[in-house]
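Student: Could you take me through one part of this model slowly? I would like a close look at the empty spaces inside it and at what surrounds them.

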Amino acid sequence: MIAAIIMIIIYVYMYLWGMHKITYVTLLGLVLIEVAISFIIYKIHIKKKPERKENLTRYYLRALLVFYIFFLFSLTFNINRSTIGFTFDRLRLLARFYWQANIVPFRTIRDMLHSDYPVSFVVTNIGGNILALMPLGVLLPLVFPKTRMLPTYTLIVTLLILFIELVQFFFGVGKMDIDDFILNIFGALIAFGLFKLVLKYKENRQLASEEY
């Protein structure tokens with residue numbers, strides 16, 4: 001938890017001094033370093049106090065979830081900081097919706113696939129949107145067991161994605177796109193399905209070992 005808070009403070013500091021100038025790869029690298037450091041700290045604490053493993057694991061997962069959500073928003077605000085233009089003006093919002101928003105499913109994906117964009121650009125955009133929400137498929141049900149039910153999990157993820165899309169729209173960062181929503185929810189559901197399969201596998205193994 002402490003490591004996550006420290007890294008968030010570092011992110012805020014970097015944001016104020018120009019974090020929007022760094023690349024997605026650099027930002028992802030910072031996140032992976034933070035996750036690695038926090039995991040090492042977590043393992044050290046467990047080794048020193050094995051009797052507190054359950055509590056430490058719970059705190060660690062909560063910290064990862066908080067840090068991950070902060071990371072999602074840093075992708076939007078820090079990388080696109082130069083384009084921020086928050087407004088509630090009805091005319092400006094209507095113009096922004098007309099020129100920037102996409103509410104036609106698969107139109108953006110189709111345009112990218114039939115355009116002259118480099119393959120790397122298409123793969124990065126489509127794959128990135130799929131991968132972006134996948135960590136939720138593991139972190140959310142681990143931190144909140146009630147979300148292990150598919151309807152509950154889907155509802156929470158949907159609301160989170162819609163919130164991010166609305167933030168992008170009102171702040172003028174990125175593009176409010178139904179295709180982003182589709183790819184995000186697709187990735188989140190894939191990760192959730194894999195999580196459930198692993199959980200079921202572990203439960204079956206435990207039952208089998210108890211029978212013997």
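Tutor: Happy to! Let us begin with the largest cavity, whose volume is about 30 Å³. Keep in mind that this is a predicted model, so the values are computed from predicted atoms. Counting cavities of 30 Å³ or more, the structure holds 1.

Which residues line this largest cavity? They are Arg96, Gln100, Gln168, Phe169, Gly174, Lys175 and Met176. Try picking them out in the 3D view. Two helices each supply at least two residues of this lining: α4, covering 90-100, and α8, covering 150-171. By character, the lining splits into 2 nonpolar, 3 polar and 2 charged residues. Gly174 belongs with the polar residues here, because Gly is counted as polar in this grouping.

It helps to place those helices in the whole chain. The protein chain has 9 helices and 0 strands, so in the order of elements from the N terminus you meet one α after another. Of the 212 residues in the chain, 36% are buried.

Now let us move to an open space, the second largest pocket. About 400 Å³ of space lies in this pocket. The elements that give two or more residues to its lining are α3 (53-77), α7 and α9. The biggest contribution comes from α3, with 5 residues. In total 13 residues line the pocket, and those nearest its centre are Thr57, Leu61, Leu142, Val143 and Arg148. The lining is made up of 7 nonpolar, 1 polar and 5 charged residues.

Let us stay with α7 for a moment. This helix spans residues 136-143 and is mostly covered, with 6 of its 8 residues buried. The buried ones are Leu136, Gly137, Leu139, Leu140, Pro141 and Val143. Notice that Val143 appears in both places: Val143 is buried in α7, and Val143 is also among the residues nearest the centre of the second largest pocket.

The next helix to visit is α9, another contributor to that pocket lining. Helix α9 runs over residues 178-211 and contains Leu194. Is Leu194 buried or exposed? Leu194 falls in between: its relative accessible area is 48%, so Leu194 counts as partly exposed. Leu194 also joins Phe186, Ile190 and Leu197 in a nonpolar patch on the surface, and together the four have about 390 Å² of accessible area. Residues need over 30% relative accessible area to be part of a patch, and Leu194 passes that cut-off because its value is 48%.

Two phenylalanines make good comparison points as you look around. Phe39 sits in helix α2, residues 24-48. With a relative accessible area of 39%, Phe39 is partly exposed. Along the chain, Phe39 and Tyr60 are 21 residues apart, and their C-alpha atoms are separated by 8.2 Å.

The other one, Phe106, lies in the loop between α4 and α5 (107-113). Here α4 is the helix that you met at the lining of the largest cavity. Phe106 counts as partly exposed too, at 46% relative accessibility. What is special about its backbone? Phe106 has a positive phi of about 70°, although Phe106 is not a glycine.

Technical notes: Residues are numbered from 1 along each chain as its sequence is written. This is a predicted model: local features need pLDDT of at least 70, side-chain atom pairs count only at pLDDT 80 or more; totals for chains, interfaces and linings use all residues. Side-chain values use heavy atoms; hydrogens and water are left out. Buried means under 20% relative accessible area, exposed over 50%, partly exposed in between (1.4 Å probe, protein chains only). Helices (H or I, at least four residues) and strands (E, at least two) are DSSP runs, numbered from the N terminus. Patches are made of residues with over 30% relative accessible area and no salt bridge: like charges are joined within 9 Å, nonpolar side chains (Val, Leu, Ile, Met, Phe, Trp, Tyr) within 5 Å. Accessible areas come from the Shrake-Rupley method with a 1.4 Å probe; for residues, only the protein chains shown count as cover. A salt bridge is a side-chain nitrogen of Lys or Arg within 4 Å of a carboxyl oxygen of Asp or Glu. On a 1 Å grid over the protein atoms alone, a cavity is a set of points where a 1.4 Å probe fits but cannot get out, and a pocket is an open set with protein on both sides within 12 Å along at least five of seven lines; lining residues have an atom within 4 Å of a point. Grid points are joined across faces, edges and corners, and a volume is the space filled by probe spheres set on the points.
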